[in-house]
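Student: I would like to take a close look at one part of this model, the empty space left inside it, and then at what stands around that space. Could you take me through it step by step?

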Amino acid sequence: MIINEKILNAAGAGLRQYIPDESIFYEGTVPAYYYQIIDGEVKTNSYNADGKEFIQNVFFQGQSFGESLLFGEKLYPMNAVAVSQCSILRLAKHDFFDILEKNPELYLDFCKSLSDALYYKYIMHQKNSLESPEERIIGVMDYLKSFQKKQCLFSYMVPLTRQQLASLTGIRVETAIKTIKRMEKDKIVKIINRKILY
């Protein structure tokens with residue numbers, strides 16, 4: 001869900017800067033802010049008992065994250081971490097709800113955003129239950145590519161590293177690297193300057 005920056009600023013949003021690997025919020029804390037990325041990349045993640053990272057989602061410039069949790073009384077089930085240098089508008093929860101009250105048309109935007117997030121979760125759950133690492137990786141790339149108009153072969157540059165693809169799909173980095181090389185050989189992807197085109 002994206003809210004016009006003028007509306008956010010008028011409601012008291014503050015622009016925060018984050019450096020790579022800096023935490024934005026932590027698992028187990030109370031959701032207190034609406035976050036909208038002005039510039040940069042953010043991941044939401046969690047860790048298993050062995051300390052292995054599981055990336056739940058990656059967000060980019062022009063996206064918001066974590067807002068659905070403002071509507072419940074539950075703690076964050078994940079962390080949010082800056083992947084790159086980030087500029088993020090942060091608006092307090094009560095000010096976020098004031099904006100929604102004053103701009104009821106934003107509720108429809110929120111519902112669409114929530115629907116997209118649930119769709120992503122369904123796709124990821126379905127694909128990550130598959131045995132094949134290739135099918136898991138293709139599932140992520142299909143989902144990401146679905147948001148662009150141009151759908152022809154090799155028209156989409158995957159904005160994720162091999163490490164991020166591995167963490168999103170629950171496979172080892174080495175497996176992701178080997179799988180992507182095999183996919184390139186099978187002409188499913190193209191690699192140019194270490195970037196994956198799908």
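How much space lies in the largest cavity, and which residues line it?

Tutor: This is a predicted model, in which local features need pLDDT of at least 70 and side-chain atom pairs count only at pLDDT 80 or more, while totals for chains, interfaces and linings use all residues. Residues are numbered from 1 along each chain as its sequence is written, and side-chain values use heavy atoms, with hydrogens and water left out.

About 50 Å³ of space lies in the largest cavity (on a 1 Å grid over the protein atoms alone, a cavity is a set of points where a 1.4 Å probe fits but cannot get out, and lining residues have an atom within 4 Å of a point; points are joined across faces, edges and corners, and the volume is what probe spheres set on them fill). The structure holds 1 cavity of 30 Å³ or more. Its lining consists of Asn57, Val58, Tyr120, Met124, Val140, Leu144, Leu160 and Leu168. By class, these residues divide into 7 nonpolar, 1 polar and no charged (Ala, Val, Leu, Ile, Met, Phe, Trp, Tyr, Cys and Pro count as nonpolar, Asp, Glu, Lys and Arg as charged, and the others, Gly among them, as polar). E5, H3 and H4 each supply at least two residues of this lining (helices, H or I of at least four residues, and strands, E of at least two, are DSSP runs numbered from the N terminus).

Two of the lining residues also lead us to a helix contact. Val140 and Leu168 line the cavity, and they take part where Arg136, Ile137 and Val140 in H4 meet Leu165, Leu168 and Thr169 in H5 (contact means heavy atoms within 4.5 Å). That contact of H4 with H5 has 4 nonpolar, 1 polar and 1 charged residues. The two helices pack at an angle of about 105 degrees, with their axes 10 Å apart (axes are lines fitted to C-alpha atoms, for helices over the stretch in contact, and angles run from 0 to 180 degrees between N-to-C directions). H4 and H5 are therefore roughly perpendicular to each other, a word used for angles of 65 to 115 degrees.

From H5 we can pass to a sheet, since helix H5, residues 162-169, lies across E4 and E5 and runs at about 115 degrees to E5. An open sheet of 4 strands, in the order E2-E7-E4-E5, holds both of these strands, and its pairing is antiparallel (two strands pair if DSSP finds at least two bridges between them). At its edges are strand E2 (23-25) and E5, each of which pairs on one side only. Averaged over the sheet and with direction ignored, neighbouring strands are turned by 30 degrees against each other. Further in, strand E4 (residues 41-47) and strand E7 (residues 79-82) pair in the antiparallel sense over 4 bridges, and lysine 43 has valine 81 in E7 as its bridge partner.

E5, H3 and H4 also border an open space, for strand E5 (53-60), strand E6 (64-65), helix H3 (106-128) and helix H4 (133-145) each give at least two residues to the lining of the largest pocket (a pocket is an open set of points with protein on both sides within 12 Å along at least five of seven lines). This pocket holds about 1000 Å³ of space. Its lining has 34 residues, of which Phe59, Gln63, Ser64, Ser113 and Ala117 lie nearest its centre. H3 gives the most, with 10 residues, and by class the lining has 19 nonpolar, 10 polar and 5 charged residues. Ser64 brings in one further strand pair, because serine 64 in E6 is the bridge partner of glutamine 36.

Methods
Angles under 35 degrees count as roughly parallel, over 145 as roughly antiparallel, 65 to 115 as roughly perpendicular and the rest as oblique.
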